[in-house]
Structure formats: C-alpha cells, structure tokens
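User: Hey, got a minute to walk me through this model? I'd like the overall picture and then the details.

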Amino acid sequence: MEVVYTATQEPPIVFMKGIVKRFPGVIANDHVDFEVKAGEIHALLGENGAGKTTLMYILYGIYQADEGQIYIKGEPVEIKSPRDAIRHGIGMVHQHFKLVYRHTVAENVALGFARSFINPIEEVRRKILEFSERYGLKVNPDARIWELSAGEQQRVEIIKALYGGAEVLILDEPTSVLTPSETRELFKTLKEMKAENKAIIFITHKLDEVFEVSDRVTVLRKGKVVSTLKTSETNKRELARLMVGREVLFRLERKPVETGEVLLKVENLTVLNDRGLPAVKGVSFTIRAGEILGIAGVAGNGQRELVEAITGLRKVESGRIICMGKDVTNCSPRVIAMLGMAHIPEERIRLGIAPGMSVAENLILKSYHAKPFSGMLMLNWGVIRETAEKLVKEYDIMTPSINTPAKLLSGGNIQRLILARELSGGARVIVAAHPTYGLDVGATEYIRKLLLKQRERGCGILLVSEDLEEVLNLSDRIAVMFEGEFMGIVKPEEASIEEIGLMMAGTMRLDAERHTKRGDL
Amino acid sequence: MRIRLEKREYESKLLSVGVSFLMLFLALLAVAIIFWAYGVNPAVAYGKIFRGAFGSLYGFSETIVKAIPLLLCGIGLTLAFKALIWNIGAEGQLLIGAVAATGIALNLAAPSYVILPLMFAAGFVAGAAWSLLPAILKAKLNVNEVITTLMLNYIALKLVEYLVYGPWRGPEEWGFPYTSKFPPEARLPRIPGTRIHYPTLIIGVIAVVATYILLNKTKIGYEIRVVGENIDAARYAGINYLKTVLLVMVVSGGLAGIAGVGEVAGIQHRLRMGISPGYGYTAIIVAWLGGLNPWVTLASSILLGGLLVGGDIIQTSLGLPVAAIDIFNGIILIFIIAGEILKRYKIRIVR
Amino acid sequence: MLQSIIASILKAAIRAGTPLLYGTLGEVYAERSGILNLGVEGMMILGAVTGFAVTRITGNPWLGIAAAAVVGGLSSLIHAVLSITLMANQVVSGLALTMFGLGLSGLIGKPYIGVKIPSISDVKIPLLCEIPIIGPAFFNQDPLVYISYILVPVLWFVLFKTSLGIKIRSVGESPETADALGVNVSLIRYGCTFFGGVMAGIAGAYLSVVYTPAWIERMTAGRGWIVIALTIFAMWDPLRSAIGSYLFGGVDALQYHLQPYGISPSLLGMLPFILTIVVLVFGAEETIRKKMGAPAALGVPYKRGEK
C-alpha cells in the first residue's frame, strides 16, 4: 500500500483510522486509513462497490464502523448519528438529495436549523442570501425545490451543510446530476470554500474532475485503500490502473462461436430519465446470434434507462429498436417478450417476482396468458405444475416445493427462478442486467456458465454489469458507457485495462478505426 | 430495556390463522369488559347472543338472513381488496342495486320468472355502474378510491331518501316515506317458516365458488393477485392495470347491488330508508376477518350475521341500544389490525 | 326584508358550519403530518355524547365541552397507536374507530335520550353586530363560534409561519428528510393526531350541547365524513377550511329555505359529496398536485431505514 502524506505542522482535521465495516457477505471497508486537512480538496476515487460512500456514511453517522476510530482535530470522537456529525462540523451533500420537494428553499433549511419559533423564514432567508454572496451559491430562497434544476437543488444541500456550521464538507458524486456549466459553478464554489480553510471530501469515479479540482486523491478498490497521492504528482493513466486493478483475471471457458444473423439492432436511441433529462444519447449497436455484448461502466450512466427502453418499460424519445427483424420501439413489454426477448431485471425482487406467490406461479409470470399454460379463461394447472417441477430440477432451484412463496428463497435461488422463467421459453435475445449482483460465488459461477451456454446455442445476449471482470470474461465485445454514450466498442482481447478504465471515466473516446473489423457497431 | 420490532423472515399461514383467532378472542374479551362496565353480565349477554343467533332454528335462519348481504358484499370486497383496491362503497352500491330493482318491480308487470331475473340483472348493473366512476378515477388519475367510494355511499343514501320522500312515495302509505309494496311476482320466494330469500343465497354461494375459481384457476384471477402482490412486477409481466381495476370494482359493485336487490325483494318488499343497517361497512370486516379467502369469508359472514342478530336480541331484552353492535364491529376490527403487526414483525425485548 | 333573510341564512350557515369547521381544522393538522384519520365520525360522536352527559351531570356546559375535548383526544390515541407505532393500514384503522365510536356512544348515551340540559346562549358583540347583514350573521353567535373565528387565523399562522408548522408539514411531505435532520417524526404525528381528536371532540360536543341541544343516537349523521371531504376541499389550509365549512353549512341551512320552492332537500344534501368528488378529480391533475395537493406521505406509515 502506497501512502503519501504531505508534511505539515498541524494534524489533519479529519482522521479515520483502521476503519472496518462489514455487511452480510462482504467487507465494505477493510482497515481503511483516511485523512483530510483543512483547506484542501481531497478526492475519494473508486468504482461502484469500492466502499467510498460507506466510508463517508460512517464519518457522517449514518453507519457505525465495526472497528476503527475517528479523530476530529486530533481528538477521538464518537459519531452515532447525523446530528453528532453536524455538531462536529461535518456536513454531507448526498447523491440523492434529502429535500422536501414541495417546500421552498428557505423552508427546507429552516426545518433543520431555524432558531426562532415565529417567522423563522426571515432569518433563514437572510443567511441564505449571505451564503449566496460569499460562496457564489446562487439560489432563490423563496423558490420551491421542484422548480429548481438539479444543480440548484444541490446548492440548497450545500447551503444546509454550511448553515449547520460545517467545516468539513462531504460531497457524494456531486456532478452526476449536473450539466457541464453547473459543474464549473460548483468547482468555483468549492475553491472559495477551500480558501476559507474548509476541508472538502469529494467522492467521484470521474478522473477528469479529480484533476480539475482536487489537491490529493485517495483510491479505493474493493474496500481497501490502494493509494493516497498528491494530485499534482500523478496522472490519469496511473489512477485508472489503480482504480481498476491489474490482477490477472480468471477466465472462464469462452469458446469461439460462429456468429449468425443480427438478432437485435438499436439505432440512434435517445431515452430520457425520470427527471426528463437525456439518459441515453444516440446509442447504436447490434447483437448477433452467438455473441455477448457487454456494457461496462459505472452505474448511473444510462444503462438502466437503456435496458428499460429495449425491454419496453420506458418510452423511447427517438431512434429505433429492431428485434428479430421487427420494429419494437415503444411496444409493450408483453409484445417484446413474445417476440423472443428475455429480460433478467436489475432489481430482481422489486421487478422480477411476485414475492407472496409460489415458485410455480412465478415461473409462469411472463407466459401464463398463452398455451400451454392456459386456455381461453382458465389456467392449466397440470401443465404449470409439471413445467415447474422440471424447471426447478433443471435450474437447480433450491426450494422446499414448487408451492413455496418466492420471497422465502435466497437471492441466488430467486435469480435461478428468474433465469428459469426467462430462458426456458426459447428466447433468442437475452437482456441481462447485473445478473450476479449480490450473489455468492456458487450462484455467480452458475449464472455465468448458463449465459455462455445460451451463447453457444445461438442466443444474442446484452449483458450490463458493474463488475468489469465479469464483462471482460463473458463478452465477445464490450461497449463502455459513459453519460449516456458509448465511448467505444472493443474486443476484450484488443483493449487494455487502462483504456477501458479511461473510457469508463469519460476521459477517452475511441474513434471509428478502433472498432471491430467488420465495421458494424 | 426496550421493545424492538424485527421484521419476520417469513409469515406462515399457521401463524396468520393463529393470530387472527387470538385477536378475535381478545376482542370478545374487550367487549365483555365493556358489558361488565355497563352493568350487564357479559356471560349473560354472550349467552343470549349465541342462543339467539345459533341456538334455535329460527334464530339461525335469521343469522342466515343477515349473512346473505354480508356474504355478497364481502365476497365482492375480497376480490377488490386482493388487488389492493379499497372499495368502501359497498353500502352505496347495495342501495343503488335496491333502487334499480325497485324501479323495475314497481313499473314492470311481468311474471316472476321474467321480473325476478331482470331485477337481479338490473341490480348488478346498477351496483357495477356505481363503482365505475371511482374505478376509472383510480386507474386513470390515481384518485383515492376510499374517498370517492365513500362519497358515493352518501349520495346513494340521499338518492334513496329523495325517492322515498318524493316521486316514489307510495300513495297508499299515508305519508310515510315508503314506496308501494312490491307486487307478489316481484317478491323473492322464501324458505317456508323463515325469511331466507334463497335465490339470493344461492347467488351468494355461487359467488363464493366462482370467486374461488376465478382467483385460483383463471388467467384473470392470476392477474388480480399479481397486481395486489407487486404492481411493478405486474407491469413487467405485461398485465393491464386499468382492465384489472375495472374488473374488480365492477364485480364487487355488482355483487353489492345484488345484495341490495335481495334486501328489497326478499325482506322489505319495498324501498324505504334504513334497508341496510350498514351491511356494506360490516362486509369490510367480513372480508378482512376472512383473510381474503372466499371460503373463510363464507364462514365469517355467518359469524358476523350471527353477531348482528344477537345485537338485535340484546337490544330488546337487555335494553342495549342498537348501536351496541357497532362496538363489536369496531373492536373486532381494531384488534384484527392491531394483530397484523404480529404477523409481519417479531417483538424483541432488548436490554 | 331581504336583508334579514340573507342575514338569517348566513347566521344559520355559520352555526351549521361551525362543527364542521372544528372538525376540519383538527383533521387538517392530522393530515398535514401524514396521518389519514378516517375515525373523525367516531371521535365526533364520542365528543357529542361526552359533552352532553358531562353537562347533564355537572350542570355546566363548558365542562361538558372540555370533557368532550379530552375524550376526543384520547380516542384519537387509539388510531395513533395503530397507525404510527403499529403501522397498521390507516384506512381500516379509522373505519374501525368510527364503528367503535358510534357503538360506544350509543351505549353511553342511552339514559340521556330526551333529557334536557343547560345550554350556551348567543352573545351579541356590541357595535360589530350593528353592521348590516354581516353584523347579525357573524356577531350574534355563541362563544364557541367566536373561538373558532380566532382559531382559524391562529392555526393558519402556526402552520405556515412558525418553525413548528414547518416541521409538521415536512413530516407529512417527506418523513425521511425530517428524520435525517433530527425531527421526531412519531412525536409530531402523535401530537397532530391528538389535536385532531380534541377538535373532533369539541365539534361533536357543539352539536349536542349548543347546536341542537339534545342527545340523539348517531346524531353526527355523517358530518365526520364531510369533514374528511372538507379537508381535501380546503386543500389542507385552515383559512380555506373556514370557507369550505361555511359553504357546506350553508348548503345545510339553505335546504330549509329552498324547500318551499320545491327543490328536494335530499337532492341538495347530495351537493357536498358531489362537490368533494369534483374537487378530488380536479386535485388529481399533476401541476395542481405539486402546488396544492395532499401531503406526499399521507397515509403511509414511516419506519426509519425501511423503503
């Protein structure tokens, strides 16, 4: 572990020593040492799941560490709740804002910090304008939160933190919701605060930002600190390598397969997210029979919206989706499923099963309405039960019986259920979103082998995963997604880890020459 | 020492039934305490209720009489609640069904085998139509169906009031707010010696069977259950939410309408104020106590029918007011829903 | 002549609207904190019977009203425990409480049917009651009406212009946000539900001790449901509650004056309920919902850490 400290006289304002945090099945923070000085902007860099947010939640009192100690200004402290953290001068701007949308800016600030009982808005409004001036955080105290842009809402969160008297400000992926110009505004603000000797911790996965605004950067990978460096003494390639890792990846048996006809073709797809902003910007690609196209990238760069659009769960603004030769843009999920597309959803419990219903009933969730599972009106329970028994055996679903409620199954078995349902219907296009997320090694192995088997049988598979290792192992081609666009489509053998890391971080974009030989995207 | 709630990993059916029984027992205990505080010997009161409702043949027949509308409304509500649609409007749908049946009974001259089926059909359609507005508002605009169905209850009540005080007031009724008596062809046959209007009862039992089959053996029933389980998964599965909402509302409204037909054509033989002592509301308890299972609902409708009969009896013999029965209903419901938390959470005492 | 007719209609509208106003003001606070209280009818009737009984026993109508307030508050605690601590379905809980309240009040009230009690008489406010039309309508009422005149702006002020009001409204909109800032969500919800119960109790007592005055079984006659409708009609605002209550009260009063013209009072009686449905539909439009709609977390139980 390389740790570089700048030599200074005073102790860091925040020092987290030996932090360990465990969740069922995973060590989120593994003996992490982390410190920030007053008057510095310190970036916390890493992929999703690296442990950055967990570490900061511990600092802010939302989680409590299993082991380790926090020191503020050299003194050991206990932070049991956000109120404690605020008392110690720590403020946090969350990735998902905690605001009352219907209320005004002033009312939101007053909720936590108003001093007078009668007409608290007056004093709050004054102070907000004060902060506005001092830090360039332009926001109208009487505007309602839902009227504000994401950038302005974020400013409210920052003002809340400052109002509480924060000397240490934690920002969790702050630019993920900002436009480029709002990002510039934010960085200006951060620099003002730095000039006032505040300490700023900046969680990000974007390399460019690290170099634009930070003094030092700590890289986390799989819960451990990989390195803490002075930003001026490193470069993007090095950080990309540290972030993504250089270990030899265990490769599964991926046999070479002749690719066949085009099964899925996506042309210039534009999809909006829940806030009405473009999440997918003009994405195009094809998938042929017998190949796996993996989409790599940090979550939140449009992958979810892309999957939802392709499977009929989200409206397509422009562009086309052609599945098995038919235009299915904006068709209903049922039509698309009937054409032969399987969808293994990202949120398997929220979307993929009816938790209180039995295993058998869940196995027919997509197919109940057609033969042989039902006739005109009635369900054909004999066939349903038979099929269920068969699938449980075939896919090794561990369940006391086919009548057990699905919610009693373990995560891995729920996923096997979903796979059994989706893959047994003869689907030729498979959209798999984070299929091994949160599963143990055994289930993970099984699912990866299964996907490869489908590939050999001539299916075309779209694999979305945050696990870069998985994407590299399973995919024939990899598309790296960043902010709604494909930064490049490469073969895993042809691209280096560094290049992929750079693309994931938005720094590198491949031109057409580097794309696969056959010229299709 | 503190009490902490821990979410249970799974809820077994045995636990569910056990908790329900426990809560019912506690509720009866609570009512016994109220009786005792009022100066009434609870044992005597319960004894009278039980004997009155279940002890004699006539008493039991009266229990069935009360159970019929409870069953019809309760089964309909079972269907609606399964899809998480809170239809509180069974009372109004019942009244509208009664109005429709009265309209036909008093204005159409036809033999029994024509007019009675027509009245039932009209009652179903009227009740269904009465629930259509809240259904559409819920499915299309997500308007809270609790309030809309409730409002329609009062509107229906006022409609009946208007009709019996106004245009439908029977000329021979000496100014009382009653319609004329139905002609004999428009009266439902009863089991001799009782007031049980068996055609309605038969429809009720058929409804139980049909609901059981619908929910467990048909495609539509499957869709209803998925919608109630997980609306996101329903969408993912391609289920049409609008269609499902409309269906359960229309059916539950229609069944309540039939209950109304039964009351005017089977019991009252006319339309007047007060044909329902809150059947539509008590049916909510019937459905809830029945755990949304059609067969158990059949049983709970008889139980609550018995309680209503018992309530009538202790009103006359012990001088307790009519309202006393509402205490039962209220307390039973309070204990049942208080108990529900036991089904979902374990109670842990932490030191 | 016309003037005095209008004045008397207005006066009757205000009198009829006052129990609705008390109930609505209380329910507004409860719902603003996120608790849907469908038990208002039950709490009102319990308040009515308590107010009457205590007045009869003590001979003092003000004690009766005070007792009714206490009883209303206590009965609301049942709903509060079920809805907040036990996280039960608030719809069913409220309905259960209504049934229970109707039943219990019938039981308690039996000996008081047909009994007479000392009531509270009207008080003329000097000078103000001389104003043409408005004077005799607004300023020749009983003291409880005057108290409600004061409560409306006070409750409006507390809700919108104090830090307590911000906390209440935030808890009803986004309990997670309030919780993250250290606000005690449960306490606020218990408090507002209790307040709602107290007001419902007073509303009921007004009916039995001042308005009629008499005790009749189920005398609230669905007013509790109207209160719930009015809360929506008032867009959860105390000022609009007054407008709504007097409007609905006016429909009540108008009935008797329109009867000679042949319009059936039953048909008129439908108006409040039809009006409510119309308002609900209206309120469902997206933009309106963002600005003036129901508190976002209304009716949804809150537990920290659960989604």
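Analyst: Sure. Keep in mind that this is a predicted model. In chain A, 68% of the contacts with a separation of 6 or more are between residues 24 or more positions apart.

User: And what about helices and strands, how many does chain A have?

Analyst: Chain A has 17 helices and 21 strands. Its radius of gyration is 25 Å, close to the 24 Å from the globule rule for 521 residues, so chain A is as compact as a globular protein of that length. The C-alpha atoms fill a box of roughly 70 × 55 × 45 Å along the principal axes.

User: How much of chain A is buried?

Analyst: Buried residues are 50% of the 521 in chain A.

User: Switching to chain C. How many of its residues are in contact with chain A?

Analyst: 19 residues of chain C, and they meet 17 residues of chain A. On the chain C side, α7 (163–173) and α8 (175–180) each supply at least two residues. The largest share, 7 residues, comes from α7(C).

User: What kinds of residues are on that chain C side?

Analyst: The side of chain C that touches chain A has 7 nonpolar, 6 polar and 6 charged residues.

User: OK, now the largest nonpolar core. Which residues touch the most other members?

Analyst: The core has 372 residues, and those touching the most other members include A:Leu59, A:Val480 and B:Cys73. Helix α9 (residues 185–211) of chain C gives the most to this core, 16 residues.

User: Why does the core lie between domain 1 and domain 2 of chain A?

Analyst: Because domain 1 (261–340 + 428–521) and domain 2 (353–425) both give residues to this core.

User: And which residues does B:Cys73 contact?

Analyst: Leaving aside neighbours within four places in sequence, its contacts include B:Ala90, B:Leu94, B:Leu255 and B:Tyr279.

Key: Residues numbered from 1 in each chain as written. Chains lettered and ligands numbered in written order. Predicted model: local features only at pLDDT ≥ 70, side-chain atom pairs only at ≥ 80, totals over all residues. Helix = DSSP H or I, 4+ residues; strand = E, 2+ residues; numbered from the N terminus. Rg over C-alpha atoms; globule rule 2.2 N^0.38 Å. Buried ≥ 20, exposed ≤ 12 C-beta atoms within 10 Å, placed from the backbone. Contact = placed C-beta atoms within 7 Å. Nonpolar A, V, L, I, M, F, W, Y, C, P; charged D, E, K, R; others polar. Core = buried A, V, L, I, M, F, W, Y, C linked by C-beta atoms within 7 Å. Domains from an automatic or database assignment.
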